[in-house]
Amino acid sequence: MAAATVNSLSVGSTLGSVVSPASQSKAFACNVNGIRSFSGLKAASSVRFETNSSFFGKESSAALRAAVVSKVQNNNPRSLNYVQPQASYKVAVLGAGGGIGQPLALLVKMSPLVSDLHLYDIANVKGVAADLSHCNTPSRVLDFTGASELANCLKGVDVVVIPAGVPRKPGMTRDDLFNINASIVKNLVEAIADNCPDAFIHIISNPVNSTVPIAAEVLKQKGVYDPKKLFGVTTLDVVRANTFVAEKKNLRLIDVDVPVIGGHAGITILPLLSKTKPSVTFTDEEVEKLTVRIQNAGTEVVEAKAGAGSATLSMAYAAARFVESSLRALDGDTDVYECSFVQSNLTELPFFASRIKIGKNGVEALIPSDLQGLTEYEQKGLEALKEELEASIQKGVDFVQKQPVAA
Ligand SMILES: NC(=O)c1ccc[n+]([C@@H]2O[C@H](COP(=O)([O-])OP(=O)(O)OC[C@H]3O[C@@H](n4cnc5c(N)ncnc54)[C@H](O)[C@@H]3O)[C@@H](O)[C@H]2O)c1
């Protein structure tokens with residue numbers, strides 16, 4: 001993770017202020033008591049902010065550094081050596097015991113913005129929580145197992161991430177997961193509507209093209225739908241596109257940004273290679289090969305794992321990046337952009353993945369400029385994906401309309 005360090009700041013925080021005695025009952029004593037400083041991954045109570053690099057990308061690193069620097073300047077203008085990161089957000093991971101859930105929980109545990117990390121699963125997550133709670137980062141880790149503990153898991157949470165459900169096996173499409181994952185997402189979102197209707201909701205469970213509309217319908221039926229706060233996590237498509245383009249064009253990974261629009265399955269994943277930053281040129285053959293590889297990258301992992309699941313580590317990384325972006329937005333950063341599958345009017349489809357601006361209240365703006373001036377190849381890809389994406393969206397809507405939510 002560490003790269004050449006140009007600028008380094010020590011980061012410390014006192015945990016006493018973020019844990020109320022009343023709420024300590026489920027906390028791990030070793031996690032809440034006795035830890036007085038957050039030293040990130042470093043043993044020597046310092047976290048280094050690289051000028052141009054962080055494991056979440058250039059923007060996140062710079063923004064996080066700027067936020068921390070402004071805080072220390074406000075707190076103590078004479079010293080830049082002791083920083084108080086504001087660990088004040090509660091994050092819940094539903095499906096936290098799984099292949100994505102566990103590494104995602106670890107990455108979220110590393111965030112200086114998180115005060116409480118709630119882990120929920122139908123399988124026992126006590127061990128995962130106990131394990132994570134020993135990391136000397138600010139957040140308190142609590143475990144919640146089984147439906148009877150779901151409401152408590154969700155109360156007061158700012159961001160809920162849902163990687164619960166079954167992953168693909170070789171030969172399966174994401175849509176093949178619909179029958180199982182649709183009900184899982186529906187039930188979890190019902191509980192979110194009842195217990196933390198104002199939270200940002202990040203849906204990872206596939207098929208995202210249908211599970212996001214399912215979540216929207218549930219929230220509508222519960223009377224708490226805020227389209228600005230419901231996000232389908234398509235960050236992995238961007239992460240993959242950035243990686244593959246950087247490899248192909250010999251670019252510094254941290255510099256590459258490729259918007260990916262449409263949806264999150266097969267041909268509905270449309271990387272806009274012509275909008276790559278920094279500006280690069282591709283031959284037609286390169287465009288075709290890269291596009292197909294990005295669209296099928298999930299299947300590449302499913303086949304390599306040969307029955308042991310789908311992408312988990314890269315997905316956890318991508319989801320953690322999206323959580324970090326959301327937390328920065330909640331924390332007042334006004335310069336947060338990500339691609340996500342959200343309610344949209346950029347095309348005739350009711351949901352569409354595009355670059356969005358995220359603010360304190362969720363989606364602040366959809367960014368239309370990426371869709372302007374498309375190449376012929378991209379324009380064809382955009383037209384070709386609409387039929388499949390529309391059908392997947394409708395399938396999700398119909399699912400909830402046929403099985404109305406519990407009052
Ligand atoms: N959006 C993306 O880019 C992307 C990428 C990869 C995988 N996925 C999807 O993420 C999901 C999870 O994948 P995984 O590899 O972690 O699977 P996994 O089987 O390893 O873990 C899933 C976890 O969900 C839990 N679970 C099942 N039902 C639940 C319920 N009702 N409430 C709470 N927890 C429940 C299981 O106990 C398990 O711990 C799959 O649907 C997969 O297709 C999405």
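Is Asn250 buried or exposed? It counts as exposed, because just 7 C-beta neighbours fall inside 10 Å of Asn250, and the cut-off for exposed is 12 or fewer. Keep in mind that what you're looking at is a predicted model. Asn250 makes a handy starting point, since its backbone is a bit unusual too: phi is positive, about 55°, although the residue is not a glycine. Most residues other than glycine have a negative phi. As for where to find it, Asn250 sits in the loop between helix 8 (235-249) and strand 9 (260-262), and helix 8 is followed by this very residue.

Now step back into helix 8 itself. Its 15 residues should span 21 Å at 1.5 Å a residue, and the end C-alpha atoms are indeed 21 Å apart, so expectation and model agree. Plenty of this helix is buried: the list runs Thr235, Leu236, Asp237, Val238, Val239, Arg240, Ala241, Asn242, Phe244 and Val245. Those buried residues pack against strand 9, strand 10, helix 9, helix 10, helix 11 and strand 11 (336-343).

One of those partners, helix 9, is worth a closer look. The two helices pack at an angle of about 145°, and their axes are 10 Å apart. The crossing of helix 8 past helix 9 is right-handed. On the helix 8 side, the contact uses Asp237, Arg240, Ala241, Phe244, Val245 and Lys248, while helix 9 brings Glu286, Leu290, Arg293 and Ile294. Sorted by class, that contact has five nonpolar residues, five charged ones and no polar ones.

Asn250 has a counterpart elsewhere in the chain. Ala306, another residue other than glycine, also has a positive phi, near 45°. You'll find Ala306 in the loop between helix 10 (297-305) and helix 11 (313-330). Ala306 counts as exposed because it has 9 C-beta neighbours inside 10 Å.

While we're on backbone oddities, check the prolines. Most peptide bonds are trans. The bond joining Asn206 and Pro207 is cis, though, with omega about -5°, and Pro207 lies in the loop between strand 7 (200-203) and helix 7 (208-221). A cis bond also runs from Lys277 to Pro278, with omega near -5°. Pro278 belongs to the loop between strand 10 (269-271) and helix 9 (284-295).

Asn206 turns up again when you look at the ligand. There are 32 residues around the ligand, and the closest are Gly95, Gly98, Gly99, Ala164 and Asn206. By class, the shell divides into 17 nonpolar, 13 polar and two charged residues. Which helix gives the largest share of that shell? That would be helix 6 (residues 178-195), with three residues.

Finally, have a look at Ala151, in helix 5 (residues 150-154). Leaving aside residues up to four places away in sequence, Ala151 touches Ala191, Asp194 and Asn195. Ala151 and Ala191 are 40 residues apart along the chain, yet their C-alpha atoms are separated by 6.5 Å. Ala151 is partly exposed, because 13 other C-beta atoms lie within 10 Å of it.

Conventions:
Residues numbered from 1 in each chain as written. Predicted model: local features only at pLDDT ≥ 70, side-chain atom pairs only at ≥ 80, totals over all residues. Helix = DSSP H or I, 4+ residues; strand = E, 2+ residues; numbered from the N terminus. Buried ≥ 20, exposed ≤ 12 C-beta atoms within 10 Å, placed from the backbone. Near = placed C-beta within 6 Å. Nonpolar A, V, L, I, M, F, W, Y, C, P; charged D, E, K, R; others polar. Axes fitted to C-alpha atoms, helices over the stretch in contact; angles between N-to-C directions. Left-handed = near helix turned anticlockwise from the far one by under 90°. Contact = placed C-beta atoms within 7 Å. Expected span 1.5 Å × (residues − 1).
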